[in-house]
2 protein chains.
Amino acid sequence: MQKKEFMPNLYVALTHYPVVDKRGDIIASALTNLDLHDISRAAKTYGVKSFYVITPLSDQKVLAKKIIAHWTEGAGAIYNPDRRSALELIKVKDAIVDVAEDIESIENSYPKIVTTSAQRYPTSIGYADFRGILESGQPHLLIFGTAWGLAESIISEADFVLEPIAGMTGYNHLSVRSAVAIILDRLLGPGK
Amino acid sequence: MQKKEFMPNLYVALTHYPVVDKRGDIIASALTNLDLHDISRAAKTYGVKSFYVITPLSDQKVLAKKIIAHWTEGAGAIYNPDRRSALELIKVKDAIVDVAEDIESIENSYPKIVTTSAQRYPTSIGYADFRGILESGQPHLLIFGTAWGLAESIISEADFVLEPIAGMTGYNHLSVRSAVAIILDRLLGPGK
């Protein structure tokens with residue numbers, strides 16, 4: 001393993017609103033338990049500072065907090081301390097703007113917003129480029145969407161859009177859990 | 001994206017037996033629905049030939065086949081054709097040896113067995129090395145374990161062990177879904 005020369009000033013968010021459904025309509029999606037587990041573990045592995053779970057729905061916030069509490073304070077914390085240290089990275093917020101303001105309060109600097117998409121945009125940047133930007137040490141918030149992806153308004157307002165993950169087949173339908181894992185490895189893995 | 005110069009002759013398996021639990025005891029683990037979805041979608045993205053789900057337990061085989069049928073023949077196939085084309089890659093088998101023999105019958109050549117582990121072994125090989133080996137076109141079976149990982153007997157009998165995924169923090173507890181995604185991207189992603 002090659003030694004890293006910087007710790008990234010990177011925050012990750014998974015948003016459940018505003019995202020699009022199969023037809024492209026804006027929806028608020030439901031929480032998926034394994035998203036919290038898988039993405040917090042990947043975030044912990046790659047040194048992400050916090051993993052924000054965004055939903056404006058009260059019952060979904062209660063559910064998210066219940067899952068987190070089970071693994072960070074409840075029986076799960078004793079049963080599996082490794083899971084605890086991952087889920088401790090999670091913060092639950094109402095909206096992307098609340099996340100950005102939380103990061104600003106921590107960093108004394110408003111984060112640059114970077115979105116992800118399975119589509120390519122004129123403003124898309126590559127992984128090596130974004131890694132270079134991260135080496136500046138400025139705070140960045142990398143946002144993933146659930147369901148069929150982030151609403152267009154979120155992508156168009158972002159500072160950057162990360163280029164899609166291209167495999168070798170043209171098939172482009174990874175789960176968001178897989179996409180987060182691959183993107184963090186491309187940005188922050190050894191030897192890149 | 002850099003163009004690939006070869007299609008990998010690679011098969012992936014997720015085994016539920018023999019794997020170890022938290023204490024290191026050999027167990028047969030239960031199926032996780034999202035493993036089938038996430039890993040088949042990653043396999044489809046990176047051009048893996050088949051994704052084998054291995055369990056010796058009858059009820060678990062019935063469950064796996066029910067999930068697959070829903071998305072390849074049932075309502076799910078109409079609702080989401082992209083999911084269908086991923087889940088069509090799945091074959092359910094009793095044991096690793098049955099998978100190897102199935103591949104042999106397809107390829108007229110017994111596959112080399114490559115295991116994954118969160119530990120490093122004297123026989124561990126790196127991603128670039130394994131990618132080089134894959135370019136030979138010989139069939140390879142890459143095996144992932146559920147629960148706390150593959151039983152030692154499986155690892156010691158394999159032709160190779162792939163080196164662990166190292167992030168930047170020393171934390172080494174990714175989900176198997178994340179690990180498969182990252183490893184396929186390291187082996188078969190563009191520009192590697």
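**Reading a predicted two-chain model**

Mentor: Let's start with one side chain: A:E88 has 46% relative accessibility and counts as partly exposed. The model we are looking at is predicted.

Trainee: Which side chain meets that of A:E88 in a salt bridge?

Mentor: The general idea first: side chains of opposite charge can pair when their charged atoms come close. Here the partner of A:E88 is A:R84, at 3.0 Å from N to O. A:R84 is partly exposed as well, with a relative accessible area of 35%.

Trainee: Why does the pair of A:D185 and B:R186 join two chains?

Mentor: Look at the geometry first: the side chains of A:D185 and B:R186 form a salt bridge with an N to O distance of 2.6 Å. A:D185 belongs to helix α8 (residues 176-188) of chain A and B:R186 to helix α8 (residues 176-188) of chain B, so this pair joins two chains. The cut-off for buried is under 20% relative accessible area. A:D185, at 0%, is therefore buried, and B:R186, at 9%, is buried too.

Trainee: How many salt bridges are there over all chains?

Mentor: The count comes to 24. Another one to look at is in chain B, where B:K93 and B:D102 meet through their side chains at 3.9 Å, N to O. B:K93 is partly exposed, with 23% relative accessible area, whereas B:D102 is buried at 15%. Salt bridges can also share partners: in chain A, A:D21, A:R23 and A:D25 are joined into one network in this way.

Trainee: Let's turn to the two copies. What rotation superposes chain A on chain B?

Mentor: A good habit is to read the angle together with the shift along the axis. Here the rotation is 180°, the shift along its axis is 0.0 Å, and the RMSD is 0.0 Å. The two copies are thus related as by a two-fold rotation axis.

Trainee: Why can we say that the copies meet through the same surface?

Mentor: Compare the interface residues of each chain. Of those in chain A, 100% are also interface residues in chain B, so the copies meet through the same surface. B:A181 gives you a close-up: this residue is in helix α8 of chain B and is buried, with 0% relative accessible area. Setting aside its neighbours within four places in sequence, B:A181 is in contact with A:S178 and A:I182. As for distance along the chain, B:A181 and B:Y46 are 135 residues apart in sequence, yet 9.3 Å apart in space, C-alpha to C-alpha.

Trainee: Which residues is B:L187 in contact with, leaving aside its neighbours within four places in sequence?

Mentor: B:L187 is also placed in helix α8 of chain B, and its contacts are B:Y127, B:F130, B:R131 and B:L142. B:L187 is buried, at 0% relative accessible area. B:L187 and B:G126 are 61 residues apart in sequence, with 9.6 Å between their C-alpha atoms.

Trainee: In what order do the seven strands of the sheet in chain B run?

Mentor: Read a sheet by spatial order and by the sense of pairing. In chain B the order is β5-β4-β1-β8-β6-β9-β7, in an open sheet with parallel pairing. β5 (90-93) and β7 (124-125) are the edge strands, each pairing on one side only. Further in, β1 (residues 10-15) and β4 (residues 51-54) of chain B pair in the parallel sense over four bridges. One place to find this pairing is B:A13, whose bridge partner in β4(B) is B:Y52. Helix α1 (residues 33-45) of chain B packs on this sheet, touching β1, β4 and β5 of chain B, and its direction makes about 155° with that of β4(B).

Trainee: How many residues of α1(A) are buried?

Mentor: Now we are in chain A, where eleven of the 13 residues of α1(A) are buried, so to speak a mostly covered helix. Among them are A:L34, A:L36, A:I39 and A:A42. As background, an α-helix has 3.6 residues a turn, so residues three or four places apart point the same way.

Trainee: What span should helix α1 of chain A have?

Mentor: At 1.5 Å a residue, its 13 residues should span 18 Å, and the end C-alpha atoms are 19 Å apart, which agrees. Just after α1(A), look for A:G47, which takes a positive phi of about 75°.

Key: Residues are numbered from 1 along each chain as its sequence is written. Chains are lettered from A and ligands numbered from 1 in the order in which they are written. This is a predicted model: local features need pLDDT of at least 70, side-chain atom pairs count only at pLDDT 80 or more; totals for chains, interfaces and linings use all residues. Side-chain values use heavy atoms; hydrogens and water are left out. Copies are superposed by least squares on the C-alpha atoms of residues with pLDDT of at least 70 in both. Contact means heavy atoms within 4.5 Å. A salt bridge is a side-chain nitrogen of Lys or Arg within 4 Å of a carboxyl oxygen of Asp or Glu. Buried means under 20% relative accessible area, exposed over 50%, partly exposed in between (1.4 Å probe, protein chains only). Two strands pair if DSSP finds at least two bridges between them. Axes are lines fitted to C-alpha atoms, for helices over the stretch in contact, and angles run from 0 to 180 degrees between N-to-C directions. The expected span of a helix is 1.5 Å times one less than its number of residues.
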